[in-house]
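Student: Please take me through one part of this model in detail. I would like to look at the charged side chains and where they sit.

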Amino acid sequence: MSTELKTHQLSMTVLMSPEMANFSGKVHGGAILRLLDQVAYACASRYAGSYVVTLSVDQVMFRQPIAVGELVTFLASVNHTGTSSMEIGIKVVAEDILKRSVRHANSCFFTMVAVDEEGRPTAVPPLQPVTSDEKRRQAAALIRRQLRQEMEQRHLELLASNPPSPEEE
């Protein structure tokens, strides 16, 4: 049995408890987002070997409601690295213990930035994808990065052509 730790991947399972419920009796989306941020932090900080901060969260898709009493597994992976940033993809799998059924409940992508003790960005090791899944994830991450940059540029152009009035700022 191999004891080699894959530092670019992380799995965490949490039992959904009553205090996580919303008014409809399902797990509140905010509770899931909080756990997602913790998983992204754990995955990115372990890979980088430093503290990290959340820069952005993309494409949060709540596909299926999650019930109190279910086991939820967060499957995180470093998909791409920049100089100091990392895209962390997270798949959320919900397990109904009584029915013995498993389903894909949520997915999202976090951009995390490694920081030093003073809070300044610090370099991360470059990701070297090996498997076909890792290569596919990295290619998709590059497309998402390009789309984020294009959206930011369009937003800046819109602001430049139509600056907000002082009362809107």
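Tutor: Start with a pair that is out of the solvent: E87 is buried, and R144 is buried too. This is a predicted model. E87 and R144 form a salt bridge, with their closest N and O atoms 2.7 Å apart. The pair ties together distant parts of the chain. E87 sits in strand β4, R144 in helix α2 (residues 132-161), and 57 residues separate them. The pair also belongs to a network of salt bridges that links D58, E87, R144 and R148.

The structure holds 7 salt bridges. Consider one within helix α2. R136 and D133 both lie there, 3 residues apart, about one turn of the helix. An α-helix has 3.6 residues a turn, so residues three or four places apart point the same way. The side chains of R136 and D133 meet in a salt bridge at 3.3 Å, N to O. R136 is partly exposed, because its relative accessible area is 49%, under the 50% above which a residue counts as exposed. D133 is also partly exposed, at 37%.

D116 and R120 give another example. Their side chains meet in a salt bridge at 3.5 Å, N to O. R120 has a relative accessible area of 48%, so R120 is partly exposed.

Now return to strand β4, which spans residues 85-96 and includes D96. D96 is buried, yet has no salt bridge. Which side chain of opposite charge is nearest to D96? That is K99, 4.3 Å away. A salt bridge requires nitrogen and carboxyl oxygen within 4 Å, so K99 does not qualify. The side chain of D96 does reach the backbone nitrogen of L98, at 3.0 Å. Leaving out residues up to four places away in sequence, D96 touches E70 and S101.

Strand β4 has a further role in the packing. Together with β1 (9-15), β2 (51-62), β3 (71-81) and β5 (101-115), β4 is among the elements that cover the buried residues of α1. Those buried residues include A31, I32, L35, L36, V39, A40 and C43. Others are A44, S45, Y47 and A48.

Helix α1 itself covers residues 29-48. At 1.5 Å a residue, its 20 residues should span 28 Å, and the end C-alpha atoms are 28 Å apart, so the two values agree. Just after α1, G49 takes a positive phi of about 70 degrees.

Key: Residues numbered from 1 in each chain as written. Predicted model: local features only at pLDDT ≥ 70, side-chain atom pairs only at ≥ 80, totals over all residues. Heavy atoms only, no water. Helix = DSSP H or I, 4+ residues; strand = E, 2+ residues; numbered from the N terminus. Buried < 20%, exposed > 50% of the residue type's maximum accessible area, 1.4 Å probe, protein only. Lys, Arg positive; Asp, Glu negative; His and termini not counted. Polar contact = N/O pair within 3.5 Å; in protein donor to acceptor, adjacent residues only side chain to side chain. Contact = heavy atoms within 4.5 Å. Expected span 1.5 Å × (residues − 1).
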